[in-house]
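Biologist: Hello! I am new to this structure and would love a close look at a single part of it. Could you take me through it step by step?

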Amino acid sequence: MNALDTLVRADLGLGQLLQRLGSPLLLALRLYVSWQFLKSGWLKYSGWQTTLDLFRDEYHVPLLSPEVAAVAGTFGELFFPVLLVFGLFSRASALGLFAVNAMAVISYRHVLLQEGFEAALGDHMLWALMLVVVLIFGPGRSALDSLFQRRAQ
């Protein structure tokens with residue numbers, strides 16, 4: 001066995017070891033990103049008049065009236081994260097949150113794209129990446145989706 005074979009085997013072993021962390025990582029991603037959106041949605045819901053004022057004056061959601069945009073945004077930030085926490089319809093939930101996140105960036109771009117707001121934009125980019133990982137790789141074994149899929153087979 002030459003040095004290349006040894007390195008390839010070591011890399012394969014490392015990959016097998018790390019693969020066991022895939023499901024816990026997906027759970028952590030689901031929980032973290034859900035918590036971020038749930039906090040935002042609850043804040044909108046609990047201060048509804050302020051939320052309406054923000055959607056009228058600050059957020060510029062294309063194609064929707066401020067009232068409809070406020071209801072849709074708040075609903076999305078409260079509904080999709082709950083599904084994602086339980087791993088129920090996870091890919092659809094991740095896609096829904098991705099759309100909510102994208103609309104937030106589009107609607108608030110006049111602020112997020114200014115100098116000094118790089119961290120806020122970075123948060124949105126991080127959440128988008130986390131949601132894309134769930135979209136592509138699924139929710140992991142610790143999800144109701146996995147249970148239902150095993151039962152369906």
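Biologist: To begin, how many aromatic pairs does a search of the whole structure find? And from there, please walk me along helix α4 and what surrounds it.

Modeller: Happy to! Please keep in mind that this is a predicted model. A search of the whole structure turns up 6 aromatic pairs. One of them joins F55 and Y59 edge-to-face, with 4.9 Å from centre to centre and 85° between the planes. F55 counts as buried because its relative accessibility is 8%, while Y59, at 21%, counts as partly exposed. Another pair brings us to your helix: F75 and F79 are stacked, 4.9 Å centre to centre with 15° between the planes. These two are 4 residues apart in helix α4, so about one helical turn separates them. In general, an α-helix has 3.6 residues a turn, so residues three or four places apart point the same way. Both rings of this pair have some accessible surface: F75 is partly exposed at 49% relative accessibility, and F79 is partly exposed at 37%.

Now for the helix as a whole. α4 runs over 66-86 and has 21 residues. From its first C-alpha to its last it reaches 31 Å, close to the 30 Å expected at 1.5 Å a residue. Just after the helix, G87 takes a positive phi of about 70°.

Let us turn to the buried residues of α4, which are A69, A70, G73, T74, G76, E77, P81, L83 and L84. They pack against four other helices: α2 (22-46), α3 (48-57), α5 (90-107) and α7 (118-137). T74 is a nice one to zoom in on. Its relative accessible area is 5%, so T74 is buried. Leaving aside residues up to four places away in sequence, T74 touches G41, K44, Y45, W48 and T51.

K44 comes up again when we look at charges, for E77 forms a salt bridge with K44, and their closest N and O atoms are 3.0 Å apart. E77 lies in α4 and K44 in α2, so this pair ties together parts that are 33 residues apart in sequence. Both partners are buried, because E77 has 8% relative accessibility and K44 has a relative accessible area of 14%.

The structure holds 3 salt bridges, and another of them also involves α4. R56 pairs with E67, the closest N and O atoms being 3.1 Å apart. This pair links distant parts of the chain, with R56 in helix α3 and E67 in helix α4, 11 residues apart. Here E67 is partly exposed, at 35% relative accessibility, and so is R56, at 39%. R56 also forms a salt bridge with D53, at 3.5 Å between the closest N and O atoms. D53, R56 and E67 are thus linked in a network of salt bridges.

Finally, look at the surface. V82, F86, L144, L147 and F148 form a nonpolar patch there, with about 420 Å² of accessible area together. The elements giving two or more residues to this patch are α4 and α8 (144-152). α8 gives the most, with 3 residues. L144 belongs to helix α8 and counts as partly exposed, with 31% relative accessibility.

How values were computed. Residues are numbered from 1 along each chain as its sequence is written. This is a predicted model: local features need pLDDT of at least 70, side-chain atom pairs count only at pLDDT 80 or more; totals for chains, interfaces and linings use all residues. Side-chain values use heavy atoms; hydrogens and water are left out. Patches are made of residues with over 30% relative accessible area and no salt bridge: like charges are joined within 9 Å, nonpolar side chains (Val, Leu, Ile, Met, Phe, Trp, Tyr) within 5 Å. Accessible areas come from the Shrake-Rupley method with a 1.4 Å probe; for residues, only the protein chains shown count as cover. A salt bridge is a side-chain nitrogen of Lys or Arg within 4 Å of a carboxyl oxygen of Asp or Glu. Buried means under 20% relative accessible area, exposed over 50%, partly exposed in between (1.4 Å probe, protein chains only). Rings of Phe, Tyr and Trp (its six-membered ring) pair if their centres lie within 6.5 Å; planes under 30 degrees apart count as stacked, over 60 as edge-to-face and the rest as tilted. Contact means heavy atoms within 4.5 Å. The expected span of a helix is 1.5 Å times one less than its number of residues.
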